[in-house]
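Colleague: I'm new to this one and would like a close look at a single part of it. Could you take the sheet, with the charged pairs around it, and walk me through slowly?

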Amino acid sequence: MIKVTVGIFTYNQKDFIGKAIESAVNQVTDFQYEILVGDDFSTDGTRDIILEYQRKYPDKVKPVLHPRNLGQNGFFNTIETLKLAQADYIAPMDGDDYWTDSS
């Protein structure tokens, strides 16, 4: 059973999204977690990086790639992404942020 959903929300953050995802993947836990990466139709290569991480960590990283920009400064990207969360708890993160501690 998945206990935590890490929600990473991004739009055109190709220079940062890899570090954000990597910091979530590197978390050391004694429970299962998933990483939903909601992309609001980036056009700068962010999506390609997300898909690379999905291939590298298929059991953890789950891309949520919207077919168009949902607008409202990421509000709808966040809502639509979190609808897919399977966990009891949500740990949100912006695509240009990262965690510095693995625990």
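Modeller: Let's start with a pair that is out of sight: arginine 47 is buried, and so is aspartate 39. This is a predicted model, so take everything here as computed from it. Arginine 47 and aspartate 39 form a salt bridge, with their closest N and O atoms 2.7 Å apart. In general, side chains of opposite charge can pair when their charged atoms come close.

A search of the whole structure turns up 3 salt bridges. Another of them joins glutamate 34 to lysine 62, at 3.0 Å from N to O. Glutamate 34 sits in strand β2 and lysine 62 in strand β3, so this pair ties together parts that are 28 residues apart in sequence. How exposed is each partner, glutamate 34 and lysine 62? Glutamate 34 has a relative accessible area of 0%, so it counts as buried, the cut-off being under 20%. Lysine 62 comes out at 26%, which makes it partly exposed.

Now for the sheet itself. It is an open sheet of 4 strands in the order β3-β2-β1-β4, with parallel pairing. β3 and β4 are the edge strands: each has a single partner strand, so one side of each is left without a neighbour in the sheet. From one strand to the next, the twist averages 20°.

Let's go across it, beginning with strand β1, which covers residues 2-10. Of its 9 residues, 8 are buried, so β1 is largely enclosed by the rest of the structure. β1 is joined to β2 (residues 32-39) by 8 bridges, and the two run parallel. β1 also pairs with β4 (residues 89-94), again in the parallel sense, over 6 bridges. Valine 4 is a handy place to see the two pairings: it stands opposite tyrosine 33 in β2 and opposite tyrosine 89 in β4.

Next comes the pairing of β2 with β3 (residues 61-65), parallel over 5 bridges. Here isoleucine 35 has valine 61 as its bridge partner in β3, while glycine 38 is matched with valine 64 of that strand. The salt bridge of glutamate 34 and lysine 62 links these two strands as well, through side chains.

How does the chain get from strand to strand? β1, helix α1 (residues 17-25) and β2 make a right-handed β-α-β unit. A right-handed β-α-β unit is also made by β2, helix α2 (residues 46-56) and β3.

That leaves one more charged pair to visit. Glutamate 80 forms a salt bridge with lysine 83, where the closest N and O atoms are 3.0 Å apart. Glutamate 80 has 31% relative accessibility, so it counts as partly exposed. Lysine 83, at 57%, is exposed.

For a last stop, look at helix α3, residues 75-82, where you'll find phenylalanine 75. Its relative accessible area is 47%, so phenylalanine 75 is partly exposed. Together with Phe76 and Ile79, Phe75 forms a nonpolar patch on the surface, with about 260 Å² of accessible area between the three.

Methods: Residues are numbered from 1 along each chain as its sequence is written. This is a predicted model: local features need pLDDT of at least 70, side-chain atom pairs count only at pLDDT 80 or more; totals for chains, interfaces and linings use all residues. Side-chain values use heavy atoms; hydrogens and water are left out. Patches are made of residues with over 30% relative accessible area and no salt bridge: like charges are joined within 9 Å, nonpolar side chains (Val, Leu, Ile, Met, Phe, Trp, Tyr) within 5 Å. Accessible areas come from the Shrake-Rupley method with a 1.4 Å probe; for residues, only the protein chains shown count as cover. A salt bridge is a side-chain nitrogen of Lys or Arg within 4 Å of a carboxyl oxygen of Asp or Glu. Buried means under 20% relative accessible area, exposed over 50%, partly exposed in between (1.4 Å probe, protein chains only). Two strands pair if DSSP finds at least two bridges between them. A crossover is right-handed if, with the strands pointing away from the viewer, the path from the first strand over the helix to the second runs clockwise. Axes are lines fitted to C-alpha atoms, for helices over the stretch in contact, and angles run from 0 to 180 degrees between N-to-C directions.
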